[in-house]
Amino acid sequence: MTEFWLISAPGEKTCQQTWDKLVSATRNNNLSTNNKFNIPDLKKVAQYMADVLEDSRDKVQENLLANGVDLVTYITRFQWDMAKYPIKQSLKNICEIISKQVTQIDNDLKSRASAYNNLKGNLQNLERKNAGSLLTRSLADIVKKEDFVLDSEYLVTLLVVVPKTNYGDWQKTYETLAEMVVPRSTNLLFEDQESGLFSVTLFRKAIDDFKHKARENKFTVRDFQYNEEEMKADKEEMTRLSTDKKKQFVRTMLYCVFVISELPSRVNLISISRPTDQGPLVRWLKVNFSEAFIAWIHIKALRVFVESVLRYGLPVNFQAMLLQPNKKNMKKLREVLNDLYKHLDSSAAAIIDATMDIPGLNLSQQEYYPYVYYKIDCNLLDFK
């Protein structure tokens, strides 16, 4: 279970009493695993709040780290990063720092992803030419120089795809499909499951008539000219692209959706893979996934702080708590929390199902309870 409920409740005589009361209420029936969520006393309440492999899942998950530890450990042991986000600054400035950081990651990712997609697309186009049926695939790796009459002013060799069921018809008729077809000039060069590739030699002036009659008889003339230099260049290009892909990005890239809904600048995709020999892009992704995740949790902390101050008032006196619900007892846990904190907001009971439209509250995206509540779902990072 990697879903967490980040809540806060006002301090009683001390914040420790608030914590103890929650632990006591949820201990019975093993409702949740609880951790204190440490939020420093931020300096101001600002009006500004941002809205925003071929590998098995367990192996991929090893690369989803934040500050060098797994995501659950980072969340449950969360400490505000004073160096990155100085709390002496206003909330607006802190949000802008995080926003700029994530925007830079997003822009870099777009640039790197574009380069990867271009490389991958070019390689796929070349691979596609070497796959499929004889009607569409590249013939460069099938034919040989000796299959063609080359450098002749009058003669030309054509390649014709013939369905296997029509082999007999081809042998009987190919010499009569047009005038000036060289007798006994056809050879079967290659077969797949459905068709065969035949060569046939004729005079150049008969090409158009031959193609027309061949089409009427369900024989397909491939548009192909033997050019050794072009064929060699295509093979070298494919080798180069394949090598570049393995070198820069390793065999594949697996994508996980990581949407930071709190930020004004969105992070669209962070890609993580687990190759044996990690390329530069994969290393970049690992580092910046960590940075983006850390920024996301700090934004959660900011939102809890702001919402708690707005709800519970000044001076700052509340306890933020991180609950990891027992999946079987989530409904019961919600009932216990509502009983524990219903006195904080009597109107919350009427809108607990988030079906009412209240000005200023976007309930379609965030459930409303008597206590401050934000969901942290690490399943956002799972591969589907």
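The following exercises, each with a worked solution, concern a predicted model.

**Exercise 1. Determine the strand order of the open sheet of four strands, and identify which strands are its edges.**

Solution. The order of the open four-stranded sheet is β6-β7-β5-β8, and the pairing is antiparallel. The edge strands pair on one side only; they are β6 (187-191) and β8 (220-222). On average, neighbouring strands of this sheet are turned by 35° against each other, direction ignored.

Next, consider the link between β5 and β8. Strand β5, residues 155-163, runs antiparallel to β8 and is joined to it by three bridges. Within this pairing, Val160 stands opposite Val221 in β8.

Finally, consider what packs on the sheet. Helix α6, residues 207-216, does so, touching β5, β7 (195-203) and β8. The direction of α6 makes about 150° with that of β7.

**Exercise 2. Describe the largest nonpolar core: which residues touch the most other members, and which element gives the most to this core?**

Solution. Begin with the members. The largest nonpolar core has 37 residues, and those touching the most other members are Phe37, Ile75, Ile98, Phe293, Ile297, Leu302 and Ile376.

Then assign the core to elements. At least two residues each come from β1 (3-10), α3 (71-76), α4 (91-129), α8 (280-312), β11 (318-325) and β12 (372-377). Helix α8 gives the most, with 13 residues.

Now take one residue as an example. Leaving aside residues up to four places away in sequence, Ile75 touches Phe4, Phe37, Phe293, Ile297, Leu322, Ile376 and Cys378. Another core lies apart from the largest one; it has 19 residues, including Val160, Val181, Leu202 and Phe210.

As background, nonpolar side chains in soluble globular proteins tend to be buried together.

**Exercise 3. Classify the ring pairs that Phe148 forms with Phe224 and with Tyr226, and explain why they tie together parts apart in sequence.**

Solution. The structure holds 18 aromatic pairs. In the pair of Phe148 and Phe224, the ring centres are 5.9 Å apart and the planes stand at 35°, so the pair is tilted. Phe148 lies in the loop between α4 and β5, whereas Phe224 lies in the loop between β8 and α7 (228-249); the pair therefore ties together parts 76 residues apart in sequence.

Is Phe148 buried or exposed? Its relative accessibility is 11%, so Phe148 counts as buried, the cut-off being under 20%.

For Phe148 and Tyr226, the centres are 5.2 Å apart and the planes stand at 40°, so this pair is also tilted. Because Tyr226 lies in the loop between β8 and α7 and Phe148 in the loop between α4 and β5, this pair ties together parts 78 residues apart in sequence. Both Phe148 and Tyr226 are buried.

Elsewhere, ring pairs link Phe37, Tyr74, Phe78, Phe289, Phe293 and Trp296 into a cluster.

**Exercise 4. Characterise the surroundings of Leu337 and state over which rings Arg334 lies.**

Solution. Leu337 is found in helix α9, residues 330-341. Its relative accessible area is 0%, so Leu337 is buried. Not counting residues up to four places away in sequence, Leu337 touches Trp5, Ile7, Leu22, Leu323 and Tyr371. From C-alpha to C-alpha, Leu337 and Tyr369 are 9.2 Å apart in space, while in sequence they are 32 residues apart.

Turn then to Arg334. This residue lies over the face of Trp5, at 3.7 Å from the ring centre. The charged end of Arg334 also sits over the ring of Tyr373, 4.5 Å from its centre. Trp5 thus appears in both parts of this solution: Leu337 touches Trp5, and Arg334 lies over its face.

Note on methods. Residues are numbered from 1 along each chain as its sequence is written. This is a predicted model: local features need pLDDT of at least 70, side-chain atom pairs count only at pLDDT 80 or more; totals for chains, interfaces and linings use all residues. Side-chain values use heavy atoms; hydrogens and water are left out. Two strands pair if DSSP finds at least two bridges between them. Axes are lines fitted to C-alpha atoms, for helices over the stretch in contact, and angles run from 0 to 180 degrees between N-to-C directions. Contact means heavy atoms within 4.5 Å. A nonpolar core is a set of buried Ala, Val, Leu, Ile, Met, Phe, Trp, Tyr and Cys residues joined through side-chain atoms within 4.5 Å. Buried means under 20% relative accessible area, exposed over 50%, partly exposed in between (1.4 Å probe, protein chains only). Rings of Phe, Tyr and Trp (its six-membered ring) pair if their centres lie within 6.5 Å; planes under 30 degrees apart count as stacked, over 60 as edge-to-face and the rest as tilted. A charge sits over a ring if NZ of Lys or CZ of Arg is within 6 Å of the ring centre and within 35 degrees of the ring normal.
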